[in-house]
Amino acid sequence: MNIGETIQPKSDQLNADDLIGGSKTIKISQIKVYDREVQPVEISYDGDEGKPYKPSLGMRRVLVQLWGEDEQVYIGRSLTLYRNDSVKFGGYEVGGIRISHASDIKEPTRVLETVAKGKRQPITINPLKIAKKKLTDLDGAKKAITDKKVTLEKLKAKFDLTDEQINFLTDERV
């Protein structure tokens with residue numbers, strides 16, 4: 001055990017205090033949207049230990065600007081979250097969770113975040129580069145394409161394919 005483990009907040013969600021030690025990159029596994037005014041969005045992620053990320057209104061607006069309104073496309077995508085000590089709540093600086101990087105964007109994206117009533121400030125969300133896996137079962141992938149269980153586009157999105165592998169997968173003679 002180290003001292004960092006002794007300062008973890010007890011809560012049912014990811015808190016800014018959870019990020020005191022540094023940023024955290026999450027891969028979204030599930031998203032729920034509720035018809036309620038307070039914290040209507042819960043984003044579960046790999047390894048969340050039952051503490052989903054509940055983005056603020058400002059960060060929900062950022063997500064919609066980056067990825068659109070269909071929250072189901074968020075599943076499998078990743079975000080880097082960090083603690084911003086200057087986030088205000090009720091006029092006091094209490095700290096909050098902000099997004100610094102997002103997968104599935106091609107270039108740094110400037111968005112306007114509402115920081116107070118009638119006051120907006122620009123923030124930049126940078127592309128998050130996720131290392132793709134190497135495809136090891138080429139024959140299995142070829143069979144999955146032939147059986148129409150997967151498309152080449154989905155394999156390209158998930159795996160780092162070489163030109164030779166792509167040629168093999170698209171060659172109908174093999």
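Two strands are said to pair if DSSP finds at least two bridges between them, and strands themselves are DSSP runs (E, at least two residues), as helices are (H or I, at least four residues), numbered from the N terminus. The structure is a predicted model, in which local features need pLDDT of at least 70, side-chain atom pairs count only at pLDDT 80 or more, and totals for chains, interfaces and linings use all residues. Residues are numbered from 1 along each chain as its sequence is written, and side-chain values use heavy atoms, with hydrogens and water left out.

**Exercise 1.** State the order of the strands in the open sheet, and explain why one side of S2 and of S7 is left without a neighbour.

*Solution.* Begin with the order, which is S2-S1-S3-S6-S8-S7 for the six strands, with mixed pairing. Next, look at the edges, where S2 and strand S7 (109-116) each have a single partner strand, so one side of each lacks a neighbour in the sheet. Finally, turn to one pair: S1 and S2 run antiparallel and are joined by five bridges, and Tyr45 in S2 is the bridge partner of Ile28.

**Exercise 2.** Find which element gives the largest share of the largest nonpolar core.

*Solution.* A nonpolar core is a set of buried (under 20% relative accessible area, 1.4 Å probe, protein chains only) Ala, Val, Leu, Ile, Met, Phe, Trp, Tyr and Cys residues joined through side-chain atoms within 4.5 Å. The largest one has 25 residues, and Tyr53, Val62 and Trp67 are among those with the most contacts inside it. Strand S1 (24-33) and helix H1 (57-67) are among the elements that each supply at least two of its residues, and the largest share, five residues, comes from H1.

Conventions: Buried means under 20% relative accessible area, exposed over 50%, partly exposed in between (1.4 Å probe, protein chains only).
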